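Grab a pencil and work through these short exercises one at a time. Try each task yourself before you read its solution.

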Amino acid sequence: MADSALAKKETLRLDVIDESSTKYKDADIIVFNTAHWWTHDKIGKNYYQERDHVYPELDVLHAYKKALLTWAKWVDANIDTDQTRVFFRAYSANHFRKGHWNSGGTCSGETRPITKDRNLERYPPLMSTLESVLSKMMTPVSYLNITKMTNYRKDGHPSIFRHPGAADLRVEDCSHWCLPGVPDAWNELLYASLLMSGYREQ
């Protein structure tokens with residue numbers, strides 16, 4: 001999107017599916033997810049776009065629902081469920097304590113998982129929005145809800161640790177996970193879901 005000075009500004013299109021979708025709409029298995037960055041409040045002004053309209057400001061939850069509805073409409077119109085099995089994986093919880101990523105929050109020094117439910121972060125409103133959209137779709141979508149299970153694992157992400165030569169070895173990171181680790185459990189859940197549905201016999 002060009003601004004008044006004709007400089008290009010990146011926007012997030014809430015009403016369009018990426019052109020690459022034509023390459024995977026007839027796959028045997030598709031796993032979608034929304035990515036973790038929706039939770040970080042990093043979205044600035046004039047960022048969300050529908051058609052030619054750029055919203056000066058838009059609540060993240062509202063924008064998220066618009067994007068999901070666009071996705072759901074595309075899935076219902078393009079996926080042949082006789083050929084393709086659709087999964088949607090929820091996003092992982094972040095583990096900043098005493099603030100957010102940009103307001104003094106920290107996720108470093110964690111060596112043990114959470115063991116008591118009362119210490120978990122509250123269930124994200126974004127996931128409730130996702131569940132509402134999934135419930136209204138024509139296409140059956142297998143929902144891999146990994147949000148709560150990752151909430152327990154405040155010890156499973158790289159924290160301040162980086163590979164040698166990284167620009168800043170002390171930047172805290174609880175958006176990604178150490179490997180092997182938590183994402184391996186997501187893969188096991190996906191595999192178990194396929195086996196339980198009789199996919200092996202197909």
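**Exercise 1.** Find out whether Asp 155 is buried or exposed, and which side chain it meets in a salt bridge.

*Solution.* Step one: Asp 155 has a relative accessible area of 19%. Buried means under 20% relative accessible area, exposed over 50%, and partly exposed in between, using a 1.4 Å probe and protein chains only. So Asp 155 counts as buried. Step two: its side chain meets that of Arg 153 in a salt bridge, at 2.8 Å from N to O. A salt bridge here is a side-chain nitrogen of Lys or Arg within 4 Å of a carboxyl oxygen of Asp or Glu. Step three: Arg 153 is partly exposed, at 31% relative accessibility.

Before you go on, keep in mind that this is a predicted model: local features need pLDDT of at least 70, side-chain atom pairs count only at pLDDT 80 or more, and totals for chains, interfaces and linings use all residues. Residues are numbered from 1 along each chain as its sequence is written, and side-chain values use heavy atoms, with hydrogens and water left out.

**Exercise 2.** Work out how many salt bridges there are, then look at two that join separate parts of the chain.

*Solution.* Start with the general idea: side chains of opposite charge can pair when their charged atoms come close. The count comes to six salt bridges. One of them is between Glu 50 and Lys 66, at 3.0 Å from N to O. This pair links distant parts of the chain, with Glu 50 in strand β3 and Lys 66 in helix α1, 16 residues apart. Helices (H or I, at least four residues) and strands (E, at least two) are DSSP runs, numbered from the N terminus. Glu 50 is buried at 12% relative accessibility, while Lys 66 is partly exposed at 21%.

Next, take Lys 154 and Glu 110, whose side chains meet in a salt bridge of 2.5 Å, N to O. Lys 154 sits in the loop between α3 and α4 and Glu 110 in the loop between β5 and α2, so the pair ties together parts that are 44 residues apart in sequence. Lys 154 is buried at 17%, and Glu 110 is partly exposed at 27%.

**Exercise 3.** Describe helix α1: its span, its start and what its buried residues pack against.

*Solution.* First the span: α1 has 19 residues and reaches 27 Å from its first C-alpha to its last, close to the expected 27 Å. That expected span is 1.5 Å times one less than the number of residues. Now the start: a side-chain oxygen of Asp 59 comes within 3.0 Å of the backbone nitrogen of Leu 61. Finally, the buried residues of α1, among them Tyr 64, Trp 71 and Trp 74, pack against β2, β3, β5, α2 and β6. Contact means heavy atoms within 4.5 Å.

**Exercise 4.** Say why the buried residues of α2 line one face of the helix.

*Solution.* List them: Leu 126, Met 127, Thr 129, Leu 130, Val 133 and Leu 134 are the buried residues of α2, which covers residues 125–135. Seen down the axis, they fall within an arc of 155°, so they line one face; the arc is that of the directions from the helix axis to the C-beta atoms. What covers them includes α1, β5, β6 and α3.

**Exercise 5.** Sort the side chains of strand β2 by the face they point to, then find which strand it runs parallel to.

*Solution.* In a regular strand the side chains alternate between the two faces of the sheet. In β2, Ile 30 and Phe 32 point to one face and are buried, whereas Ile 29, Val 31 and Asn 33 point to the other and are not. Five bridges join β2 to β5, and the two run parallel; strands pair if DSSP finds at least two bridges between them. Asn 33 stands opposite Arg 89 in β5.

Stay in β5 for Val 86. Val 86 is buried at 1% relative accessibility, and its contacts beyond four places in sequence include Ile 30 and Phe 32.

**Exercise 6.** Which peptide bond is cis, and where is its proline?

*Solution.* The cis bond joins Leu 179 and Pro 180, with omega about -5°. Pro 180 is in the loop between α3 and α4.

How values were computed. A polar contact is a pair of N or O atoms within 3.5 Å; within protein, one must be able to donate a hydrogen and the other to accept it, and residues adjacent in sequence count only if both atoms are side-chain atoms.
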